[in-house]
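Colleague: Please take a close look at a single part of this model. One connected account will do.

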2 protein chains.
Amino acid sequence: MDRKNLQDTAPRLPIGMLSRRTGCNIETIRYYEKIGLLPAPARSDGGHRLYGHGHLMRLGFVRRARELGFTLDEIRALLRLAEDRDRPCAEAREVAAAHLTDIRTKIADLQAMESVLADTVVRCADGKTPECPLLETLFGSIDPSASG
Amino acid sequence: MDRKNLQDTAPRLPIGMLSRRTGCNIETIRYYEKIGLLPAPARSDGGHRLYGHGHLMRLGFVRRARELGFTLDEIRALLRLAEDRDRPCAEAREVAAAHLTDIRTKIADLQAMESVLADTVVRCADGKTPECPLLETLFGSIDPSASG
DNA sequence: CTTGAACCTGTAGCCACTACAGATCCTATC
DNA sequence: GATAGGATCTGTAGTGGCTACAGGTTCAAG
């Protein structure tokens, strides 16, 4: 069985089933269809969506990529690479490497926030300063006498 | 001079000046006014906003708090505490402590993403696997033969 | 009095969903 | 075949925290 057969769309699963199988909200699934991330599935006579195995795999891919913080645009690119089996690895690595840089930047930013806040909260807990250290920190160092 | 005199709104600065002094976009300043985070300033005869020292301090406060990742709602709460000088420290500490927890959760989440991705990118770079390790990771372990 | 920068209001867009409202369909039971 | 109620349908609007216009008015310098 080819796990990457994204073209297999033989209609089987209604949307609620797909939702349960992937852990993805029904609304989100419809949203992914609307923005073209998930191809429109077959419909029952009454108009209900019926998904195939390809949809299941594709949505699983999207969910996993989201868990790793990829944006929907990045995921779109990765899906294209997954379909084009010729030269995906180098390009996929590029997408991932760029994303990794983003993540590391975010971690660094959050760690900077964390250290300032942790320090401030400790000083608040001390109760050794007359003013609230947190509020003092936030009032910061704008000099109101400087001319703009 | 009391740095916390947020009530001083004697009209002096036009919005562009306030923007330059605080590093906050003009659009953002107007947005903060619209959502009630920054009080509406005086106006010139022609209708241009004229800000006072209190606005400068308040907006500085907001910007610093944003840099520490506080949400606008949290900042609203902190500003209320800053105005009410009686029992702010314990409550401000609570707001900050809750936010600190959020930040630490986010850091942990990002570090989890980082380690998976860093590992995968390295394996991509190896070129030792026939398939692309990144795409393999994203195709994950959904078992299509399991019944939903 | 003219120029052009600064400012005004209001609306729409961004991302990635989420939450309805109000209608229709599907399936199981009687 | 009727009925109940869960599942699904479409479409719209809201979230947070801005940002980007369009199309108009005002301000300050020369």
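Modeller: What follows takes one helix and then the DNA strand that it touches.

This is a predicted model, in which local features need pLDDT of at least 70 and side-chain atom pairs count only at pLDDT 80 or more, while totals for chains, interfaces and linings use all residues. Residues are numbered from 1 along each chain as its sequence is written, chains are lettered from A and ligands numbered from 1 in the order in which they are written, and side-chain values use heavy atoms, without hydrogens or water.

The part is helix α4 of chain B, residues 72-83. Helices are DSSP runs of H or I with at least four residues, numbered from the N terminus. α4(B) has 12 residues and spans 16 Å from first C-alpha to last. That is close to the 16 Å expected at 1.5 Å a residue; the expected span is 1.5 Å times one less than the number of residues.

Its buried residues are Leu72(B), Glu74(B), Ile75(B), Leu78(B), Leu79(B), Leu81(B) and Ala82(B). Buried means under 20% relative accessible area, exposed over 50%, and partly exposed in between (1.4 Å probe, protein chains only). Down the axis of α4(B), the buried residues fall within an arc of 165 degrees, so they line one face of the helix. The arc is taken from the directions from the helix axis to the C-beta atoms. An α-helix has 3.6 residues a turn, so residues three or four places apart point the same way. On the other side of α4(B), Asp73(B) and Arg80(B) are exposed.

What covers the buried residues? From chain B the cover includes α2 (26-34), α3 (53-67) and α5 (88-126). From chain A it includes α6 (133-139). Contact here means heavy atoms within 4.5 Å.

Leu72(B) also meets DNA. One of its backbone N or O atoms lies 3.3 Å from a phosphate oxygen of DNA strand D. A polar contact is a pair of N or O atoms within 3.5 Å. Tyr32(B) has a side-chain N or O atom 2.7 Å from a phosphate oxygen of strand D. For a polar side-chain atom of Arg63(B), the distance to a phosphate oxygen of that strand is 3.4 Å.

Around strand D there are 23 residues, and Tyr32(B) is among those that come nearest. Near means a heavy atom within 4 Å. α2(B) gives the largest share of this surface, 4 residues.

Terms used: Helix = DSSP H or I, 4+ residues; strand = E, 2+ residues; numbered from the N terminus. Polar contact = N/O pair within 3.5 Å; in protein donor to acceptor, adjacent residues only side chain to side chain.
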